[in-house]
Structures are given as structure tokens and as C-alpha cells.
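Here are a few exercises to work through with the structure open beside you. Try each task before reading its solution.

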Amino acid sequence: MRLEQANVTLNNNSKKARIMAFTIAKGGQLKSTSAVNIAGSIVKEESPGTKVLIIDVDAQANVFTAFGQEADMLPEGADLSNAILNHTDKEAILNTVHRLHTDGDSSIDCISANERCDLLEMTILTNLETFKSPTTLLRDICTVLEDYYDYIIIDTPPAYSLLVSNVFMIDRVEVFVPYEPDTYSMRSVIKTMKTFDVFSQKNSTAQFGGVFATKVKTNTNIHASIINTVRTYTQSTGKPHIKAFIPNSIKASNSVYYEALPAVLSSKKSDVVKEYMELWEEIK
């Protein structure tokens with residue numbers, strides 16, 4: 001599909017977009033894969049005409065890659081850095097929105113970070129006279145876009161930074177934490193939950209959507225044991241552990257490589273598709 005700037009129009013109803021973020025401070029946990037496949041599940045399962053926006057905060061720009069596009073080729077002024085630096089300018093923000101996929105009347109758009117964002121945080125922090133509230137820039141962007149979309153999905157980098165702090169400060173954001181069941185990831189889940197608790201004291205509208213396991217090998221005892229440990233911990237804090245899980249599989253990578261599409265939108269069905277659909281049914 002040829003990349004094009006999205007022709008974004010206001011929703012006819014007064015309902016604000018539902019905003020969901022996938023985050024954990026560890027790489028390889030399927031944050032991007034979950035973001036694009038949940039977006040695909042939404043356009044497949046929800047009403048015709050549903051509009052989804054993905055905001056990719058990670059400069060690796062894996063969301064664009066999942067749809068066969070290259071974010072580093074975006075012209076100047078058309079990426080996330082321009083939206084952030086012009087966070088109160090509606091026209092500048094809309095100029096960064098690109099159409100990645102259409103499914104009938106439904107669509108998936110994206111604002112993507114890229115290599116220009118490598119120095120974005122330094123630019124913000126060295127110009128605090130301009131950016132007086134550096135942790136709410138992304139909130140301002142979502143405030144503009146929530147009237148244009150039914151769903152806004154946010155993919156974050158595997159580190160806690162100024163931009164990820166911005167994600168936790170978005171009005172009504174729902175935070176979801178994917179994790180591979182190993183000891184290192186288990187520690188990251190706990191840290192992410194504690195980070196959410198800190199920011200929820202500043203942003204009372206933020207919600208913890210839940211934790212869910214990825215890359216699960218159902219025939220290994222250690223995965224079952226770690227999932228049970230994480231489930232017990234999350235429930236002890238009053239937070240949900242989502243029942244649906246994503247199995248260990250190369251099918252999601254295959255669909256991106258061979259078809260330039262997330263697995264859910266692929267013409268070839270697999271267990272990964274079924275599991276992401278079940279994940280969406282549980283969190284919708």
C-alpha cells in the first residue's frame with residue numbers, strides 16, 4: 001500500500017476516543033506486535049467505519065514496519081517530533097497522521113516516531129521556557145485527536161523516559177502490560193505497575209487495563225509457574241491479570257515479512273490471530 005497522509009474527519013458523535021497504551025520497560029515483550037494486532041482486531045470486529053489511530057512513540061518505528069512502511073523516510077514535519085513540538089497546533093498535528101490500512105469503511109492511521117525523535121527529549125528539556133509542562137505534551141495531542149477517532153492505541157519504547165511519562169499522563173489512558181514469562185520480565189512487570197501507581201497519583205483518570213502473557217510455551221512448566229506468580233502478584237494489588245495470552249509463534253513475524261501486514265489482517269489464519277481476537281474480546 002502506498003503511504004499517504006490521512007484525510008482525517010471529525011466523528012459525528014460526541015464520544016471521545018478510547019485510549020490504550022502498551023508498555024513495559026523491557027524489549028522483546030511484543031508491545032508493537034500487540035498494538036498493531038489489537039488495532040487489526042478492532043477494525044475486523046467492531047462496527048463498519050471504526051477509526052483507529054496508533055501513536056508509535058518508539059523511534060524504532062515498528063508500527064510502520066508492520067505495515068510495510070519506512071518511518072525514517074517521512075518528510076520533515078510529518079512525524080511524531082513535529083506533533084510533539086507543535087502540541088497545541090491542530091493543523092501541525094493532523095499533518096503527521098498517515099493512513100496505514102483500510103478495511104471497508106474502517107481504517108488504521110498512525111503518527112510515528114522515527115530517527116528525528118532521537119534528540120526530541122533533549123530539545124524539550126533544554127527549552128523549558130517553551131515547554132512549561134513537559135510531561136503533558138502527548139496529552140495535548142490526544143485531546144486534539146480524540147474527537148477524530150474511536151480508538152487511539154499507543155506503542156511505547158522499552159524504557160522509562162520523558163515520552164513514556166507523557167503516556168502515563170494522558171487523560172483516560174488505559175495501560176496494558178505485555179510480558180514474556182521469564183524472571184527478568186517478571187521484575188519489569190512489577191516495576192511497570194509501581195510506575196503506574198506513581199503517575200496515577202498525578203493523573204487520576206489513568207486506568208490499569210491489565211497484564212497479559214506473550215510468547216507463551218504451553219508445554220513448559222516454568223512458563224505456567226511464572227504466569228501464576230505474576231497473576232497472584234497483580235491480583236494482590238487489585239489489578240487485573242488478563243486470561244488471554246499470546247502463544248510463542250513465528251506466525252506474527254511471517255505475516256509482517258511476507259505480507260507487510262499484522263497477523264490479524266493477514267490472509268493466512270493462525271493461532272496467533274485467534275489469541276489476539278480473544279485478547280480484544282476480553283479487554284473491549
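**Exercise 1. Locate Asp155 in this predicted model and describe the surroundings of its side chain.**

Step 1. Start with the secondary structure: Asp155 belongs to strand S6, which covers residues 151-155.

Step 2. Next, look for a charged partner. Asp155 is buried and has no salt bridge. The nearest side chain of opposite charge is that of Lys31, 6.0 Å away. A salt bridge needs a nitrogen-to-oxygen distance within 4 Å, so the pair does not qualify.

Step 3. Now look for a polar partner. The side chains of Asp155 and Ser32 are joined by a polar contact of 2.5 Å.

Step 4. Finish with the neighbours. Setting aside residues up to four places away in sequence, Asp155 touches several residues, among them Phe22, Ala35, Ile55, Asp56 and Val63. Lys31 and Ser32 are also on that list.

**Exercise 2. Which residues of helix H6 are buried, and how are they placed around the axis?**

Step 1. Go through residues 137-145, the extent of H6. The buried residues are Leu137, Leu138, Ile141, Cys142, Val144 and Leu145.

Step 2. View the helix down its axis. These residues cover an arc of only 155 degrees, which means that they sit on the same side of H6.

**Exercise 3. Find the salt-bridge partner of Glu146 and compare the burial of the two residues.**

Step 1. Recall the principle: side chains of opposite charge can pair when their charged atoms come close.

Step 2. Apply it here. Glu146 forms a salt bridge with Lys16, at 3.9 Å from N to O.

Step 3. Place both partners on the chain. Glu146 is in the loop between H6 and S6, and Lys16 is in the loop between strand S1 (4-5) and strand S2 (18-22). With their positions 130 residues apart, the pair links distant parts of the chain.

Step 4. Check accessibility. Glu146 has a relative accessible area of 9% and is buried, whereas Lys16, at 38%, is partly exposed.

Step 5. Widen the view. A network of salt bridges links Lys16, Glu146, Asp147 and Arg172. The model has 13 salt bridges in total.

**Exercise 4. Describe the salt bridge between Lys274 and Glu278.**

Step 1. Take the distance: N and O are 2.9 Å apart.

Step 2. Find the positions. Both residues lie in helix H11 (residues 271-283), 4 residues apart, or about one turn of the helix.

Step 3. Check accessibility. Lys274 is partly exposed at 44%, and Glu278 is partly exposed at 34%.

**Exercise 5. Is Ser255 buried or exposed, and what does its side chain reach?**

Step 1. Ser255 lies in helix H10, residues 251-259. Its relative accessible area is 4%, so Ser255 is buried.

Step 2. The Ser255 side chain reaches the backbone nitrogen of Ala263 at 3.1 Å.

Step 3. Beyond its neighbours within four places in sequence, Ser255 is in contact with Ala260, Leu261, Pro262, Ala263 and Ser266.

**Exercise 6. How compact is the whole chain?**

Step 1. Count the elements: there are 11 helices and 8 strands.

Step 2. Compare radii. The radius of gyration is 18 Å, close to the 19 Å that the globule rule gives for 284 residues, so the chain is as compact as a globular protein of that length.

Step 3. Add burial: 55% of the 284 residues are buried.

Notes: Residues are numbered from 1 along each chain as its sequence is written. This is a predicted model: local features need pLDDT of at least 70, side-chain atom pairs count only at pLDDT 80 or more; totals for chains, interfaces and linings use all residues. Side-chain values use heavy atoms; hydrogens and water are left out. Helices (H or I, at least four residues) and strands (E, at least two) are DSSP runs, numbered from the N terminus. Buried means under 20% relative accessible area, exposed over 50%, partly exposed in between (1.4 Å probe, protein chains only). Lys and Arg count as positive and Asp and Glu as negative; His and the chain ends are not counted. A polar contact is a pair of N or O atoms within 3.5 Å; within protein, one must be able to donate a hydrogen and the other to accept it, and residues adjacent in sequence count only if both atoms are side-chain atoms. Contact means heavy atoms within 4.5 Å. The arc is that of the directions from the helix axis to the C-beta atoms. The radius of gyration is taken over C-alpha atoms; the globule rule is 2.2 Å times the number of residues to the power 0.38.
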